[in-house]
Amino acid sequence: MTLHRLPDLTWEDVGALDLDRAVAILPVGATEAHGPHLPLDTDVTIAVAMAEAGGRRLAAHGLEAVLLDALQYTPATFAASFPGTIDIGSATLAALLTDIATSLRRAGIGTLAIANAHFDPAHLEALHGAVSSINEGAAMRAVFPDVTRRPWGGRLTAEFRSGACHAGRYEGSIVLARSPGRVRAEVMLKLEDNPVSLSSAIADGAADFVAAGGARAYFGSPAGATAEEGRATIEVLGEILSEAVIEALGSE
């Protein structure tokens with residue numbers, strides 16, 4: 001089977017899929033500040049890369065993998081003060097996810113997999129709430145491997161595990177692998193390391209990037225980013241997504 005892209009299909013194409021084996025994959029990311037060197041849609045770029053890599057694996061496993069367009073607007077409170085960031089309400093995201101799941105179920109697709117690359121606390125809370133709501137009924141299954149939690153996060157890079165990974169080496173590497181022309185390389189290579197752990201700062205009560213120690217909206221080591229590391233990380237993200245889906249399907 002192949003990886004299908006929902007926008008490219010007709011409604012009859014969707015109806016002709018083996019719906020009993022169909023998995024819809026939804027990339028989710030933010031439009032928010034990612035340092036002075038990465039584009040605002042960095043999270044979206046990463047989420048789509050994860051979704052495509054996971055979808056290819058699911059298709060190879062014999063499933064009908066259907067890639068949806070990415071959600072690009074989510075709660076982004078930590079970056080809200082930076083120009084260009086789009087910050088929506090948590091309830092808005094949760095309602096949108098549940099409505100998407102309802103539409104998929106109506107079409108006969110019973111599994112929704114979420115490829116997420118945005119880690120704002122309000123965003124994650126909304127995602128988990130929506131997934132729980134979707135899974136309360138027997139009609140639809142939502143799968144969300146949260147890479148900020150065990151066991152998934154332990155498979156990612158050292159910078160990611162450190163928590164100092166917003167617009168640093170981890171994210172910069174993936175964007176270099178996917179869209180090198182959209183990286184301000186001359187700026188990136190001059191940026192000093194910012195080893196502050198954003199996750200630790202959040203746990204200590206910081207409410208935005210500036211308070212957390214990221215006055216220029218980046219954490220980690222941007223200058224260390226490489227396309228090679230990005231390609232390897234994308235493959236790991238794809239493995240995580242596909243394994244989570246296969247595990248969920250096998251647990252029935």
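Me: Two strands pair if DSSP finds at least two bridges between them; over how many bridges do strand E2 (residues 22-28) and E3 pair?

Reply: The model is predicted, with pLDDT of at least 70 needed for local features and 80 or more for side-chain atom pairs, while totals use all residues. Residues count from 1 along each chain, and side-chain values rest on heavy atoms, without hydrogens and water. Ile25 stands opposite Leu67 in E3, and E2 and E3 (strands being DSSP runs of E, at least two residues, and helices of H or I, at least four, numbered from the N terminus) run in the parallel sense, with a bridge count of four.

Me: Which residue of E3 stands opposite His4?

Reply: Strand E1 (residues 3-5) is also joined to E3, in parallel and by three bridges. Within E3 (residues 64-67), Ala65 and Leu67 point one way and Glu64 and Val66 the other, and all are buried (under 20% relative accessible area, 1.4 Å probe, protein chains only). The residue opposite His4 is Val66.

Me: How many residues apart in sequence are the parts that the pair of Phe160 and Tyr170 ties together?

Reply: Phe160 and Tyr170, both buried, form an aromatic pair (ring centres within 6.5 Å) that is tilted, being neither stacked (planes under 30 degrees apart) nor edge-to-face (over 60). Their centres lie 4.8 Å from each other, with 50 degrees between the planes. Phe160 belongs to helix H5 (residues 158-162) and Tyr170 to helix H6 (residues 169-178), so the pair ties together parts whose separation in sequence, in residues, is 10.

Technical notes
Buried < 20%, exposed > 50% of the residue type's maximum accessible area, 1.4 Å probe, protein only. Pairing = 2+ DSSP bridges. Phe/Tyr/Trp six-rings, centres within 6.5 Å; stacked < 30°, edge-to-face > 60°.
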